[in-house]
Amino acid sequence: MELDAELSALATQEDLPADVLRRLLQHQGARSSAALLRRDLTEEMVEEIIALGSARSLAANSSLLARVSARFVEHPEPPVRCAVAAHIRDEPPGVLARLAADPDPLVRQFLTMNDHLPPELLARLAADPDSNCAVGGHRAMA
């Protein structure tokens, strides 16, 4: 196994001491793996991961606290909004509606894959004038 893969695997181990994880966050591959898969990230670690440029991987982590995930709804980079759109719950209320109105059609398309999307938003997205959004998500056809 190569070093990058070993560090990435190490960063996801549940019993890893916090100080070791903090050092691993300096390695891009390990940071991405930790951001995506860990359920125990502290607010300090979240801030560090964002500052180090791995917001997209963090936004895709469905185990984050709702208030952390909600931060990504307004992120300036569409790929980060896409990552959170696919799984976020409506906490605080209104985040799903904001994503349904996102100016980027790819964000709206990712939102159609969200299992927490209420039927009224799904219907709105199915009627989206952007043909890619209307047929893009697996649920939009349901």
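At just 1% relative accessibility, Leu125 counts as buried, the cut-off for that label being under 20%. The model looked at here is a predicted one. Leu125 is found in helix 10, and Pro105 makes a handy reference point for it: the two residues are 20 apart in sequence, while their C-alpha atoms are 10.0 Å apart in space.

Helix 10 itself covers residues 119-126, and Leu125 shares its buried status there with Leu121 and Leu122. Seen down the helix axis, these buried residues fall within an arc of 100 degrees, so they line one face of helix 10. A bit of general background helps here: an α-helix has 3.6 residues a turn, so residues three or four places apart point the same way. Turn helix 10 around, and the face pointing away from the buried side carries Pro119 and Glu120, both exposed.

Helix 7, residues 78-85, is mostly covered, with six of its eight residues buried. The residues in question are Val80, Arg81, Cys82, Ala83, Val84 and Ala85. What do they pack against? The buried residues of helix 7 pack against helix 5, helix 6 (66-71), helix 8 (95-100) and helix 9 (105-111). Past helix 7, in the loop that leads on to helix 8, sits Pro92. Pro92 is joined to Glu91 by a cis peptide bond, with omega at about -5 degrees.

Another loop, the one between helix 4 (43-51) and helix 5 (55-59), holds Ser54. Being in a loop doesn't put Ser54 out in the open: at 3% relative accessibility, this serine counts as buried. Leaving aside residues up to four places away in sequence, Ser54 touches Arg31, Ser32, Ala35 and Ile49. With Arg31 there is also a polar contact, side chain to side chain, at 2.8 Å.

Now for the charged pairs. The count of salt bridges in the model comes to eight. One of them pairs Arg22 with Glu44, whose closest N and O atoms are 3.8 Å apart. This pair links distant parts of the chain, since Arg22 belongs to helix 2 (residues 18-24) and Glu44 to helix 4, 22 residues apart. Arg22 is partly exposed, with a relative accessible area of 29%, whereas Glu44 reaches 57% and counts as exposed. Glu48 joins in as well: together with Arg22 and Glu44, this residue is part of a network of salt bridges.

A second salt bridge brings together the side chains of Arg38 and Asp40, with an N to O distance of 2.7 Å. Are the two partners buried or exposed? Arg38 is buried, its relative accessible area being 4%, but Asp40 is partly exposed at 42%.

Then there's the pair formed by Arg108 and Asp128, where the closest N and O atoms are 2.6 Å apart. Arg108 lies in helix 9 and Asp128 in the loop between helix 10 and helix 11 (131-136), so this salt bridge ties together parts that are 20 residues apart in sequence. Here both partners, Arg108 and Asp128, are buried.

Note on methods:
Residues numbered from 1 in each chain as written. Predicted model: local features only at pLDDT ≥ 70, side-chain atom pairs only at ≥ 80, totals over all residues. Heavy atoms only, no water. Buried < 20%, exposed > 50% of the residue type's maximum accessible area, 1.4 Å probe, protein only. Helix = DSSP H or I, 4+ residues; strand = E, 2+ residues; numbered from the N terminus. Arc of directions from axis to C-beta. Polar contact = N/O pair within 3.5 Å; in protein donor to acceptor, adjacent residues only side chain to side chain. Contact = heavy atoms within 4.5 Å. Salt bridge = Lys/Arg side-chain N within 4 Å of Asp/Glu carboxyl O.
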